[in-house]
Amino acid sequence: MSLVDAKSEKSGGIRVGVQKFGRFLSGMVMPNMGAFIAWGLITALFIPKGWFPNADFALLVDPMIKYLLPLLIGYTGGTMVHGQRGGVVGAIMTIGVIVGSDIPMFLGAMIAGPLGAWVIKKFDKAVDGKIKSGFEMLVNNFSAGIIGGILALLALKGIGPFVEAISKVLSAGVEALMNAGLLPLVNLIIEPGKVLFLNNAINHGILTPIATEQARELGQSVLFMLESNPGPGLGILLAYCFFGRGSAKSSAPGAVIIHFFGGIHEIYFPYILMRPILILAAMAGGVAGTLTFMLTGAGLVSAPSPGSIIAYSLLTPKGGYLGMFAGVAVAAIISFLVASILLKTGKQKDDEDLDSASNRMKDMKNQGKTGNLTVDKDNREADRAADIASSAVKTDVNKIVFSCDAGMGSSAMGASILRKKMKAAGVDVAVTNTAISEIPQDADIVITQKTLTDRAKSVAPNAEHISIDNFLKSPEYEALVERLKSDS
């Protein structure tokens, strides 16, 4: 192996490791994002500086951020490691972290939840097959209670103070960047990280916990807007609308709607991968947008998920709309101008580049799930054929489910596209999207990306499973619509 190949493999391994770490963190936060938004809305509406100040309703703010949100994260992290039993022990350990600190313990919950579940998982493995018949429930209940109680005590005296110290250091660092006017430079890291799917480690691991603490003290935080700003992606897509060519130009208007109003930022990643130099446009837009947010005093009351202009509007505090819209608009304008220059002065390739860029994007994303992928086109087609052949074909179809890790981004796009195709063809079948872990048992057909099909089969073994390469553009959609149309 050459030195260049060795360096490439090493850097790829680091990226894959960060992807996996970020995916694990987001797996604890994303399922509970509704609770974060509920807290944010209550804060925006009822605190003394809110839209409708109410002292009684405002009493919900502090308990929710100190207890509810960390416990949900700890429980979710525990279930990811060892099911419901792991979630219970993880939540018990998390309460020790919460009580041992004066700040919201999101980082502590991300440690305590999975760690508590890991400990009880090791115990269960050690006693597996050694418990006398009839004593299983007794051992299970008391072991969880005793181990959970001990872990809560250790978390109270150990993890809590440690994480609190780390949180204070991180908060001080962010505050120093803000005071020095250097916070916009963080976007020089965030924007490339988004395209390489490294954003979750930064967003959910560092920014959201610190931003939530700021929002509790100040009523808002600009940190919620660093990664989620839809402006940079909007500018790049608009540049393709005016100066792109072929399929990239024709598909860009639809991508604008999905990205800006739907908040699914993945939609613009292939457009950058098709012309990697466009990352400069995203970086310029991100820096300009964050600088505008800081100059205008903009901020959000909670983490917007997804990062759409609708979520931004709902989570903007009273009196903050001018700064919010200004930051998004400036980011979009700067990104558009830079991307337009790069598209006009550079050589654009043929129509097939968007599909190949989409495939590269999926491969990079999948590396964080399954390791390095070196599958060529022929193998991809063979794998797809094998997946379809190994899944029983349903004749009476009432529900089709698109599924991905979180059940929101790519699966939501695929479900929307297929739903429109079926409506146009007059096929009356329910099409929904969900996380793999929550696939309903009454699903007749489950559609996933091929690297996730095995996991989907284990959750819904009785369903027909269809594997696809690209949620946005797949020949399987037309084939499925025609099949269901003929069956109806």
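In this predicted model, the side chains of Asp62 and Lys66 meet in a salt bridge, with 3.5 Å from N to O. The two residues are separated by about one helical turn, because they stand 4 residues apart in helix α3, which covers residues 61-99. The count of salt bridges comes to 5; two others, described below, involve residues of a sheet or of a helix lying across that sheet.

**The salt bridge in helix α3**

- Asp62 counts as partly exposed, at 33% relative accessibility.
- Lys66 is likewise partly exposed, and its relative accessible area is 25%.

**The sheet**

- An open sheet is formed by 4 strands in the order β2-β1-β3-β4, and their pairing is parallel.
- The edge strands are β2 (430-435) and β4 (464-468), each of which pairs on one side only.
- From one strand to the next, the twist averages 25 degrees.
- Strand β1 (residues 399-404) runs parallel to β2 and is joined to it by 6 bridges.
- Phe402 stands opposite Asn433, a residue of β2.

**A salt bridge from strand β1 to a loop**

- Lys399 and Asp442 meet through their side chains in a salt bridge, at 3.1 Å from N to O.
- Lys399 lies in strand β1 and Asp442 in the loop between β2 and β3, so this pair ties together parts that are 43 residues apart in sequence.
- Lys399 is partly exposed, with a relative accessible area of 21%; this value falls just outside the buried class because that class requires a value under 20%.
- Asp442 counts as partly exposed, at 47% relative accessibility.

**Helix α18 and strand β4**

- Helix α18 (residues 475-487) lies across β1, β3 (445-449) and β4, and it runs at about 150 degrees to β4.
- The side chains of Arg483 and Glu464 meet in a salt bridge, at 2.8 Å from N to O.
- Because Arg483 lies in helix α18 and Glu464 in strand β4, the pair ties together parts that are 19 residues apart in sequence.
- Arg483 counts as partly exposed, at 21% relative accessibility, whereas Glu464 is buried, with a relative accessible area of 3%.

**A polar contact in strand β4**

- Ser467 also has its place in strand β4.
- Ser467 is buried, and its relative accessible area is 1%.
- The side chain of Ser467 makes a polar contact with the side chain of Thr453, at 2.5 Å.

How values were computed. Residues numbered from 1 in each chain as written. Predicted model: local features only at pLDDT ≥ 70, side-chain atom pairs only at ≥ 80, totals over all residues. Heavy atoms only, no water. Pairing = 2+ DSSP bridges. Axes fitted to C-alpha atoms, helices over the stretch in contact; angles between N-to-C directions. Contact = heavy atoms within 4.5 Å. Buried < 20%, exposed > 50% of the residue type's maximum accessible area, 1.4 Å probe, protein only. Polar contact = N/O pair within 3.5 Å; in protein donor to acceptor, adjacent residues only side chain to side chain. Salt bridge = Lys/Arg side-chain N within 4 Å of Asp/Glu carboxyl O.
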